[in-house]
Structure formats: structure tokens, C-alpha cells
Amino acid sequence: MSKKRLKRQVIKKKLFNKIRLVLLDEENFEEKFSLRLNLMNVFVVITVVSIIMIALTTYIIAGTPLREYIPGYSSTQLKREATQNAIKSDSLLRELEAEKAYMASIKKVLTGDLESGKLSRDSIYVPEQKEQPVIDIKPSEADLKLREEVALEDKYNLFEEAQPRVGLVLFAPVKGHITEPYSSKNKHFAVDIALAKDTPIKSVAAGTVLFADWTPTNGHVIIVRHKDGIISVYKHCAALTKEQGDVVRSGEAIALAGSTGSQSTGVHLHFELWKDGYPINPTQYINFE
């Protein structure tokens with residue numbers, strides 16, 4: 001125990017042994033500065049300074065823009081640009097998928113490898129209807145009296161406006177004799193109309209040209225996309241007056257009649273009408289005579 005106590009006393013003496021630090025002028029040995037220190041004071045000062053330096057460095061790295069210049073830390077601007085690029089790339093992917101879907105629809109239109117859609121004349125798209133029970137509801141006397149009063153009030157109403165019952169009216173592309181009608185049984189999803197050469201072919205409705213080019217089997221082909229998912233196709237044309245991406249109006253001339261392509265048997269128009277990727281009979285909505 002005495003040895004340990006002696007050793008502690010020696011260490012304590014060394015730590016608290018006072019040392020004087022003196023700065024002298026080299027020429028005349030004049031004392032300029034003096035400081036009395038011991039090892040304990042030096043240790044405490046070095047420890048405090050080290051802690052302050054570590055805290056200051058940590059703050060600079062974590063809380064100031066200077067951290068961008070330290071290797072291993074990413075720039076705030078780079079993160080912002082990376083986020084914007086990710087959003088833009090996602091939007092581009094969606095646009096690309098939509099364009100692929102349109103191109104697939106065009107391919108199906110050109111090949112005709114689809115099933116015929118069963119649609120009515122009143123609406124291009126008619127959901128499956130279920131039979132509803134017939135309920136015989138007779139109006140009461142008060143209801144009949146109210147109806148008569150309303151009818152008399154609206155009889156001379158000058159501000160009543162008629163609402164259209166049809167959302168989209170299709171214009172006849174040409175007028176002529178149908179040489180081959182629409183037939184889903186024979187997989188002829190179009191009507192062929194005999195025409196004189198260079199007869200103007202008009203757009204059935206306003207829309208945007210999806211495709212306008214030459215094909216070996218169908219000659220000059222132009223495809224127009226209209227609203228409500230309707231696509232009109234014009235094949236075997238002699239020449240096209242519109243290009244892909246052009247906006248056309250209803251009844252505007254888009255091509256000239258001819259007999260081009262290996263499948264053409266004479267001067268005529270091969271006209272197809274599609275709704276949401278399914279062919280429909282154009283004669284249900286257009287009068288070609």
C-alpha cells in the first residue's frame with residue numbers, strides 16, 4: 001500500500017509541479033512574457049480546445065453549405081436536380097407507354113386482327129343492359145294538374161334552349177356506291193366505296209392525324225384520331241394531303257381517291273371506323289349514298 005501511495009504522490013507532484021514559461025529577447029535577454037504552468041493546466045487546456053474544435057468542425061460539416069466541398073457529402077442542388085429528373089423520367093415513361101398503346105392500336109387497325117364490337121346506332125358505346133322489371137306508376141291528380149300548369153308556363157318560353165342529343169356527328173368521307181359492305185363474319189371490318197379517280201376524301205370529324213404514309217398492301221393510308229376514342233382509317237388513296245401530327249377539321253379534305261397497294265382491285269375507298277380498339281360498322285352512323 002505504501003508503494004502505491006508513494007507512486008500516486010509522485011504522479012500528483014509531477015502533474016501539479018509548477019513550470020514557468022518565459023519568452024526573452026534574443027539580443028538583450030529582456031523578459032517579454034512569462035507564464036506559470038503545470039501539466040494539469042496544459043492537459044485541461046488541450047482537452048477544452050480539442051472539444052471546441054471537434055464541435056466547431058461538426059457544426060461546419062452538418063449545418064453549413066461548406067459540407068458540399070467535403071468528399072462523401074452530396075450537394076443539395078444535386079439532390080434537387082436528381083428529384084426533378086426522377087419526376088421527369090416518370091412522366092416520360094408514362095408518355096412512352098401511352099405512345100406504345102397508340103402504336104399498338106394503329107397496328108391492330110392496319111392488320112384488322114381484332115374482334116368486332118357489338119354497338120348500337122344510338123351510342124357508340126353501350127354497356128351491357130339488364131332487363132328491368134316493369135313498374136306501372138300512374139300520376140296522381142295533383143301531379144297531372146301541376147304538369148298542365150308547367151306546360152302552359154313553358155309554352156311561350158323564349159329563352160328555352162334545345163340540348164343536342166348526339167355528342168359526336170360523323171361527316172360522310174365520300175358519297176358513292178358501296179361495293180363491299182362491312183362483314184364481321186368475313187373479317188372485312190370496313191366498307192368499300194367505288195369512286196372516280198382523284199375524288200376528294202374528307203375527314204369524318206375533327207381530330208389529329210395519327211398515321212399518314214405508304215404501305216405495300218394498302219397503298220397510301222391515313223389514320224385520324226377523333227374524340228371519345230374514335231379512329232377513322234382511309235386506305236388505297238392516290239395521294240395524301242395531310243401529314244402525321246396535323247390537326248384536321250370535320251369535312252376537310254385529307255386525301256384523294258385512287259387504287260394503290262397490292263390488295264386494291266380498283267379505284268375505291270377502303271374506310272374503317274374504330275372505337276376503343278374495336279371495329280364498328282360505319283353504315284350505322286354515316287350515310288354514304
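## Working through strands and turns

Lys-187 is found in the loop between β3 (177–180) and β4. We will come back to this residue below; please keep in mind that the model is predicted.

**Exercise 1. Work out which strands pair with β11, and in which sense.**

Step 1. Start with β4 (residues 191–194): this strand and β11 pair in the antiparallel sense over four bridges. To find the register, look at Val-191, whose bridge partner in β11 is Phe-271.

Step 2. Now turn to β8 (residues 230–240), which is joined to β11 by six bridges, again antiparallel. Here Ile-230 has Lys-275 of β11 as its bridge partner.

Step 3. Finish with β12 (residues 278–280), an antiparallel partner of β11 over three bridges. In this pair, Trp-274 stands opposite Pro-279. The two strands form a hairpin with two residues between them, and Asp-276 in the turn has a positive phi of about 55 degrees.

**Exercise 2. Sort the residues of β11 by the way they point, and decide whether they are buried or exposed.**

Step 1. Recall the general pattern: in a regular strand, side chains alternate between the two faces of the sheet.

Step 2. Apply it to β11. His-268, His-270, Glu-272 and Trp-274 point one way, while Leu-269, Phe-271, Leu-273 and Lys-275 point the other way.

Step 3. Check the covering. Eight of the eight residues in β11 (residues 268–275) are buried, so the cut-off of under 20% relative accessible area is met on both sides.

**Exercise 3. Describe the surroundings of Phe-271 in β11.**

Step 1. Phe-271 has 0% relative accessibility, so this residue counts as buried.

Step 2. List contacts beyond four places in sequence: among them are Pro-173, Ala-190, Val-191, Val-204, Tyr-234, Pro-282, Ile-286 and Phe-288.

Step 3. Compare sequence with space for one of these. Phe-271 and Tyr-234 are 37 residues apart in sequence, yet their C-alpha atoms lie 5.0 Å apart.

**Exercise 4. Find what the side chain of His-236 reaches, and which residues His-236 touches.**

Step 1. Place the residue: His-236 lies in strand β8. Its relative accessible area is 3%, so His-236 is buried.

Step 2. Look for the polar contact. The side chain of His-236 reaches the backbone oxygen of Thr-260 at 2.8 Å.

Step 3. Extend the view to other contacts, leaving out residues up to four places away in sequence. Three histidines are included, His-220, His-268 and His-270, along with Thr-217, Asn-218 and Gln-263.

**Exercise 5. Look at residues with a positive phi, and say where they sit.**

Step 1. Remember the background: most residues other than glycine have a negative phi.

Step 2. Return to Lys-187, whose phi is near 60 degrees. With a relative accessible area of 68%, Lys-187 is over the 50% cut-off and therefore exposed.

Step 3. Go on to Asp-228, in the loop between β7 (219–225) and β8. Its phi is near 65 degrees, and at 46% relative accessibility Asp-228 counts as partly exposed.

Step 4. End with the hairpin of β1 and β2, which has six residues between the strands; here Phe-29 takes a positive phi near 55 degrees. Strand β1 (residues 19–24) and β2 (residues 31–37) pair in the antiparallel sense over six bridges, and Arg-20 has Arg-36 in β2 as its bridge partner.

Methods. Residues are numbered from 1 along each chain as its sequence is written. This is a predicted model: local features need pLDDT of at least 70, side-chain atom pairs count only at pLDDT 80 or more; totals for chains, interfaces and linings use all residues. Side-chain values use heavy atoms; hydrogens and water are left out. Buried means under 20% relative accessible area, exposed over 50%, partly exposed in between (1.4 Å probe, protein chains only). Two strands pair if DSSP finds at least two bridges between them. Contact means heavy atoms within 4.5 Å. A polar contact is a pair of N or O atoms within 3.5 Å; within protein, one must be able to donate a hydrogen and the other to accept it, and residues adjacent in sequence count only if both atoms are side-chain atoms.
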